[in-house]
Every structure is written in C-alpha cells, then in structure tokens.
Amino acid sequence: MHDGTTHCRYAEDVNPAFPAEIMAKPGGEALRDCIQCGTCSGACPLSVHMDLTPRRVIALTRAGLERDVLESATPWMCASCYECQVRCPRGIKVTDIMYALKRRAIEKGMYPKRFPIPVLARAFYNIVATHGRNSESRLVVELALRTNPLSLLKMAPIGLKLMKTGRMVFRQERIMVPKELKTILDAMEES
Amino acid sequence: MTRYAYYPGCSLSGLGKPYDESLRAVFSHLGLGLEEIGDWNCCGATSYMSLSEDKAVALAARNLALARPMNAEVVAPCAACYLVLTKAQHMMAEYPALAARVHQGLKAAGLTYPEHVTVRHPLDILVNDVGLDAVKAKVTRPLKGYRVAPYYGCQVVRPYGTFDDPLRPQTLDRLMEAAGAHVVDYPLKAHCCGGSLMGTMEEIGVRLNFLLLKEAKTRSANVLATVCPLCQYNLEAYQGKMRHTFNDDISLPIVYFTQLLGLAFGLSPTSVGLQRNFVTAEPLPAMA
C-alpha cells in the first residue's frame, strides 16, 4: 500500500475514467464540487486512524488515482456516521462515495488484504442471503474464525455475560421462505 | 388506539433484547399498538451496502412491501434499521433505474413496493405523536437524582432523520426531562461510537467509546441513555477493556431511553429488561 506521502504519482498511475465512474454512482454526483476545505476530515471521528483522510480520498478520486484510493483502508474504516456528509458545505455525499469505493474495491479485488472489515461484510452478507436474518453471535464467531481465532478466547468474558443476561442467541432466526430473497435478487439481475 | 407496524430487526432478539422488552412495555403503557411485520428480513445494515447497492435497497424494500397491507407507519428502533429503511426510500425516489430493478425483483416474489409508507423512530413517536405533556402526565416516579447523558449516536439523526437536528439533536433531552431526570450538557451526543468497528478493529472501537464515556463522566452524568442497540453494546460491554487500556474508571450504566421511561412510568425494572444490562443498575438512584 502506498503510504500516501512519499510516493510520487505519474500520468500512468491515473485512470482517467475513474472519477466519472464514481460520479455516475448514486451519491457521487457532486464529487467535482469539492473545495478541499477539510471539513469532512475534521468531522470524522476516525480520520486520526486512517491512512488517507476523507479529504484526501476525495482529492485522489477526483484526480483518477484509483489504486491509491481502493487500496486504502479508509473507505472500510468509515463507520457510516454521515457526519462528513451532513457537514459538507458543498453538498458532497462523502459517506455514499465511501460506499461506492468499497463496492468498486471488492469488484476489482483491490481492497486491503487480510483486513477484517471486508471479511465481516462478506460473512454478514452470506448469513443474510442464506437465512434472511442475521445472527449476531454466529457472525462474531465466523469473523473470528476467518481472521483471528485466538480472539475468541479474549471475547469469552463478554460472551459469558451475554449468555447470563439472555442476550446471546445461537439459534439461527430465518424468514419463512429464505429462497424468496434469491428470487428477488435474481430477478433484479435479469432486468 | 394508534397502531404501528413494528420492524424489530435482528438485534432486538439478541443483544438488544432489553430494548425490545422496554419498547413494548412503554408503548403498551401509553396505549400504542405494536404489530410486528410478519416475516420481516434483515435490513442489510452497512454490510450489504458495502457489497451491492441494488441488493441492499431490495432487502429494505421487501420489508416495506410487507408492511404495505398493514396500513400503518413503520417503527424501527434500531438505528441501523431506521437508516437503511429511510435510505432505501430516498434511493427509490431519486434513482429511477435502481428503482426499476427493485420493482422487478419484488414483482418476482409477488410483492409491491409501497410509495407511501412512513418510517419512524420510537423517539420521534414519543416526542411528536404522544407529546411531552402526555408523557409527563404518565410519570408516577420521576427520575429524581438521575443525571442523564443523552446519547443519540449517528444514524437516528443523520442523514435521513426528519424529527431532530442532525448534529445538535434535542428530542431525547426533552423526553428525559419530561421523565423527571436532570439532563447533562453532552457535546458528544451525536458523535459516532464506531458501530461494528468494535468487532473488527477493537483498539479503535475501545478508544472511541472511552472518549464518549469519559466526556459523560466529566459532565457528571450517572447514567447514559441510548437509542441504538449497537451503541448500547459498545458502550457497555467494553468498559472493562476501557478501564484496563486507559487506567481510568469510566464505569457508567448504559440503558435504553425506553428503559428509563418505563421506570418513570412506574413499570418494574424487570418488565423493562434492566436485569439484562451488564453494568448493574445499582448506581441508579431511587431504583425500587
């Protein structure tokens, strides 16, 4: 991953189609209106932990530096609190753009490897696609098994408390005909 | 009796069970009906939107389609569910190509997307439908001695919430005052807890939540009221780790606003699920 400060970019690093493609996604329309004021980065509760601040993500996206943006952890660390989006003086839907970048990173297989957040998204997606409902307890166990099985030991004290208070449910809730979701999603792909 | 189509979401039968119990108790005490949407599915939360926008909107749209024949407003207590359902409505209205695909999908399952279903958060209903005066009239045990930090988190007020300010919300403050509590000034009230980051990047989640609790303590709160199951869990379950990491005692009971309201109405602690909270309610003054 480029560290964002010491790496020089050249014309060959630019994908000229990238900004327009992001702008064509719902929420991406106002990308070019950014004045780089940094309100988004200042508002973001996570920007201090990010490799690229939200303001830089917008700048790099607009410049077509696709790889820098998609390999960054930033879109994945966005917790979707929408504070940047609500505060942006230019009406840029920053949070929605982060979602568009996540989806593109998945499509292109360019998301940061061994990073737990896309793994969680995938595990969650699969549970719901299969059963129609999510089971928090199963999700936590599945995420741990795929990323860091030892973390299950560390989580045991919280797990015990959840069990004692009746808030840990291992039964998999499901909708009546889980296949109905597949019917809906398949029909959407055909249209 | 006003009745609402209830969309509990997955969390309210697990981590958020006391939210479900206290919400039902409070609504029933106020004579409001909650009729669960039959066969609802998961809202998709942030994960579906990260993988496929089409599918995320379709999941939410199926729930709205199921609520359609109920001819009632939808109540979504979980912040993520509330956000996803309202976001889906915005996207269906603003992006015709996406909407056409969703219509097509629902049609294959014999469902119709409703153009006019209103999605509400219980906080909105309690403040704007029931009203603060009516709430006050029901209070038999005012929350004297409770110094409440009103914590809204993010997705209930932003960006699609219509009933309060997205950055400096007030409704929970007013509701807790109506219940007889002292509400402390809490500038981080709409600051994000990090949501599922606690599960994926624990160090970061622990730090974010420590800051929220530290501020509440500094403002001399003795209880924090929340409107979201994930905020409640993050703030409550990781207090041990926060104490250990920052060597600072930030212990604070983290309760649902509906639990506090139920207590003020004279309901028993168990009927609002208080025995399910980790941080004992002992520090809560005047608990029967």
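**Exercise 1. State the domains of chain A and the separation of their centres.**

Solution. The domain assignment of chain A yields domain 1 (11–107) and domain 2 (116–190). The structure is a predicted model. Taken over C-alpha atoms, the centres of domain 1 of chain A and domain 2 of chain A are separated by 28 Å.

**Exercise 2. Locate Arg114(A) and decide whether it is buried or exposed.**

Solution. Step 1: Arg114(A) sits in the loop between α7 (94–107) and α8 (116–131) of chain A. Step 2: a residue counts as exposed if 12 or fewer other C-beta atoms lie within 10 Å of its own. Step 3: Arg114(A) has 7 other C-beta atoms within 10 Å, and is therefore exposed. Step 4: Arg146(A) is 32 residues from Arg114(A) in sequence, and their C-alpha atoms are 9.6 Å apart in space.

**Exercise 3. Describe the side of chain A that touches chain B.**

Solution. Step 1: the contact involves 47 residues of chain A and 52 residues of chain B. Step 2: on the side of chain A, two or more residues come from each of α6 (83–87), α7, α8, α9 (136–147), α10 (151–164) and α11 (179–190). Step 3: by class, this side of chain A comprises 28 nonpolar, 10 polar and 9 charged residues.

**Exercise 4. Explain why chain B is described as compact.**

Solution. Step 1: chain B contains 12 helices and 8 strands. Step 2: its radius of gyration is 19 Å, close to the 19 Å given by the globule rule for 288 residues, so chain B is as compact as a globular protein of that length. Step 3: along the principal axes, the C-alpha atoms of chain B fill a box of roughly 55 × 45 × 30 Å. Step 4: 60% of the 288 residues of chain B count as buried. Step 5: among contacts in chain B with a separation of 6 or more, 79% are between residues 24 or more positions apart.

**Exercise 5. Characterise the contact between the two domains of chain B.**

Solution. Step 1: the domain assignment of chain B gives domain 1 (3–120) and domain 2 (134–275). Step 2: their C-alpha centres lie 24 Å apart. Step 3: 23 residues of domain 1 of chain B are in contact with 23 residues of domain 2 of chain B. Step 4: on the side of domain 1 of chain B that touches domain 2 of chain B, α1 (17–29) and α4 (79–94) of chain B each supply at least two residues. Step 5: α1(B) gives the most to that side, with 9 residues. Step 6: the residues of that side divide into 13 nonpolar, 7 polar and 3 charged.

Note on methods
Residues numbered from 1 in each chain as written. Chains lettered and ligands numbered in written order. Predicted model: local features only at pLDDT ≥ 70, side-chain atom pairs only at ≥ 80, totals over all residues. Helix = DSSP H or I, 4+ residues; strand = E, 2+ residues; numbered from the N terminus. Rg over C-alpha atoms; globule rule 2.2 N^0.38 Å. Buried ≥ 20, exposed ≤ 12 C-beta atoms within 10 Å, placed from the backbone. Contact = placed C-beta atoms within 7 Å. Domains from an automatic or database assignment. Nonpolar A, V, L, I, M, F, W, Y, C, P; charged D, E, K, R; others polar.
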